[in-house]
Amino acid sequence: MKLYISDGNPQGVKVLAALELTGVKCEIEAVSHEEKVVPYLSDPGSPVMLLPDGQHLFSPNSICQYLFDISGQKATDATNQWLEWEATTLQPAVLQSLHMVALQGKRDEAVAVMKEPLKWLEQSLSKKNSSFLTAEAVSVADVVLWAALYPLLSDSSFDVGELPSVRGWFERVGNLAACKVATNRVLKGKGVEALKTFLQKHPASQTQRRDSPVNATEAEVAEHVITAEEIEEAAQIWSEGLKGSPAVTERKHPVLPQEGKRNVLLTSALPYVNNVPHLGNIIGCVLSADVFARYGRLRGWNLLYICGTDEYGTATENKAREEGLTPQEICDKYHTVHADIYQWFQIDFDFFGRTTTERQTEIAQDIFWRLHERGFLLEDTVEQLRCESCQRFLADRFVEGECPHCRYPEARGDQCDKCGRLINAVDLRNPQCKVCKETPVIRSSKHLFLNLPKLEGELQQWLDKSTGSGDWTANARQITRSWIRDGLKPRCITRDLQWGTPVPHEDFKEKVFYVWFDAPIGYLSITANYTDQWEKWWKNPQQVELYNFMAKDNVPFHSVVFPCSLLGAQDNYTLVNHLIATEYLNYEDTKFSKSRGVGVFGDMAKDTGIPSDVWRFYLLYLRPEGQDSAFSWSDMALKNNSELLNNLGNFINRAGMFVSKFFDSRVPEMLLNEDDKRLIAQVRWELKQYIQLLDKVRIRDALKCILNISRHGNQYIQLNEPWKKIKGDHADRRRAGTVTGVSVNMACLLSAVLEPYMPAVSQTIRQQLQAPPPGVSAMLQNTGTFICTLPAGHHIGTVSPLFQKLENEQIEALRKRFGGQQAPSSAAESKPSTGAVHASVNVNADPERAKQLTALVAEQGNKVRGLKAQKADKSVIDDEVDKLLQLKKQLSLAEGKNPEPATQKGKKK
């Protein structure tokens, strides 16, 4: 076994530290940055490890993990999640910062780049009781993260502020002898200065994807493995165009399983009807599922996407009491709210239903009787809290008290929001009825239980098969294993409530089904309300693949409890094949809270003036796949302005504008040279990665492939300079035509791969390019085919910018608006400075009107900026500016201010 490293390569620090720490015997050979170690890689790249069987490892994280594995320290889900975060979030930021510090002298900008990942790391470490990331002993995750941060954090002049948890952890790892040996060997005591040669030869845009997530295949990591044969094959397929492409088929309802097709049934967790969903709820289920549904349809799968509102239970009764409505009125009101929000976010359900229907009652009661007849239900007496004043048993959410574990004074009867532990309501200290505030008493009540222990053997057999053959996220597997490991216990399926599906048993006719038992059956009943032939989907496991999308808190109900209900019913039900769970999305450095006004909720997003596609893009960009992630206004602006405006939008707009401006809106003739063919092969490789990743529901990673394609396109245009060559001789003009033609076809490909993520933008691109409909789905068939869909002579439409810049003032205003209840300003803060222009107070404020006008001002501002970017006629711009100013005046009045500035002394103009 041999390890090849080069001096001054920051990636060498982690592999040498891992080697020293594990004590694995391995020969080390120093190589230059240019030396080609792996013969089939065009990028020389080190470190590289030659394994005993002749294979190579060339991902630093994979090398580190391999060393720990063979030394007996196997990776855990926790270490895998840390390694994924390092590869996809931390490492790109570190490399960008190193370039800024070492090559550009931009230390302050580098600190700004590191702010978000370090803040997230600080928050994570501050919540841990262990000395290291995953335990009391150092792990591969500690070594990899520490080594990534070492060149920056070891520099005392790199001031990232107070990070006590990060600093403490960083020092503990750095004090290990193995880490000291590694830094001395690679950096030789020179710090960032030692990295200059390496960084000059590895631009940040190329190094950012050097380390893929640890579960990536070697093919995914080896970005540059493109042979001459592949280049020729890619060019040949490209030249064939749309010849033989399948015709576009329209979706026809009802969608039913078909012989010979891949039949995919897709559900997203049913949102509780009583709340307005926030951004975390949206990315956790419906948006993620929508991306996969759109992708599946483009791939030609026969796919049905079902969702709806979960409407029964104590939460609905609670909300009804709060608003003075009946439970049914609350359900009707909020079902419409949910439907409107999802429509604005362009969630393309085949059917969006609800659980308060007759079909729900029929199907839930049928499953109940089948479980009862087969001996899978038990009777038992339960001690419950009863309010004598209200003359009723108190369900979980109707009682509050002090948590028996952490003493939090407002714990609910089922769970403590502070420590997160589950609670039995009778264990609460000082309980209170939430309705009348009286102290309840403990009384007994007879209930029915699902006998999970009796079904455990059958459940385990099914789980082994499903998790072995399906795509289950790591957290879904881990949560399910923990439930099974702890042993299953009988689970109560009835409640003393009025609002729910009635229990049909004579001895329990005053009770309803517990929502955890009842709600998942909603998938079946909603499908039954969509089509009378619902059983072709739900009682057809031989033909149907079932995908469930949800946040991690819903996993046990979908992986253990609901499958047990269906297994026990013994009616050939379709069970989940692929369980896709996200972690949590937080808001800035806190949690979403409607009551405190913290965070963006679904009904507010459209009032920001930011298009729904931009919201979709950013939420999917930071989708919490391996770890919790946090929404950040500054990061949203950064991603919009850099990735959408300057990268993706810039490339597509330039490609289209060159066709319009230089070639009379007709795609020019393309005579490919070797550079063009190599680019086509590289784009084809990115397309294949996109398909491989989305097939495995790695939604966030696949989005990076789209951005890489446009990055390749921008570099291609910049290198070939068609705007200069069009003014040259005949050969130069032909070259300009080829570059323009290839670029506009790349833009057409981007419209296809963007459709699952940004459907409106995708449609706009296709309209601007007048792209033929078969082209979109044709390029996503099989393993991915980049073809010339816009041949020479194709006439394109009018090209205009796709995205607008998010200005700092706009972002700061939104951050303040959604930052929660503000403390009153002090007198000193509210007093205007001498000579300041300020508005006088007007008592006729209209908050609702101000909210509407804020959105209109933002929308009009975007319109003005777009016209300026297009260099529109001055008179047109002036008219729109006048409209903007009028809207701002109206907004000032609605906010209770006088829009006319106070008189000022000064120079006349």
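**Strand pairing and a buried helix in the predicted model**

Arg-386 of strand E8 stands opposite Phe-393 in strand E9. The model in which this pairing is found is a predicted one. Strand E8 and strand E9, the latter formed by residues 392-393, are antiparallel and share 2 bridges. Together, E8 and E9 make a hairpin with 4 residues between the two strands. Within the turn of this hairpin, Gln-391 has a positive phi of about 55 degrees.

Strand E8, which covers residues 377-387, also pairs with strand E13, residues 441-450. This pairing is likewise antiparallel, and 10 bridges connect the two strands. In E13, the residue standing opposite Arg-386 is Val-441. Arg-386 thus stands opposite a residue in E9 and a residue in E13.

A further set of strands forms an open sheet of 3 strands, arranged in the order E11-E10-E12 with antiparallel pairing. Its edge strands are E11 (411-412) and E12 (429-433), each of which pairs on one side only. Strand E10, residues 399-402, runs antiparallel to E11 and is joined to E11 by 2 bridges. Across this pairing, Gly-401 stands opposite Ala-411 of E11.

Among the helices, H26 comprises 22 residues, from 699 to 720. The distance from its first C-alpha to its last is 33 Å, close to the 32 Å expected at 1.5 Å a residue. Of the 22 residues of H26, 18 are buried, so the helix is largely enclosed by the rest of the structure. Glu-721 follows H26 and has a positive phi, near 45 degrees.

Technical notes:
Residues numbered from 1 in each chain as written. Predicted model: local features only at pLDDT ≥ 70, side-chain atom pairs only at ≥ 80, totals over all residues. Heavy atoms only, no water. Pairing = 2+ DSSP bridges. Expected span 1.5 Å × (residues − 1). Buried < 20%, exposed > 50% of the residue type's maximum accessible area, 1.4 Å probe, protein only.
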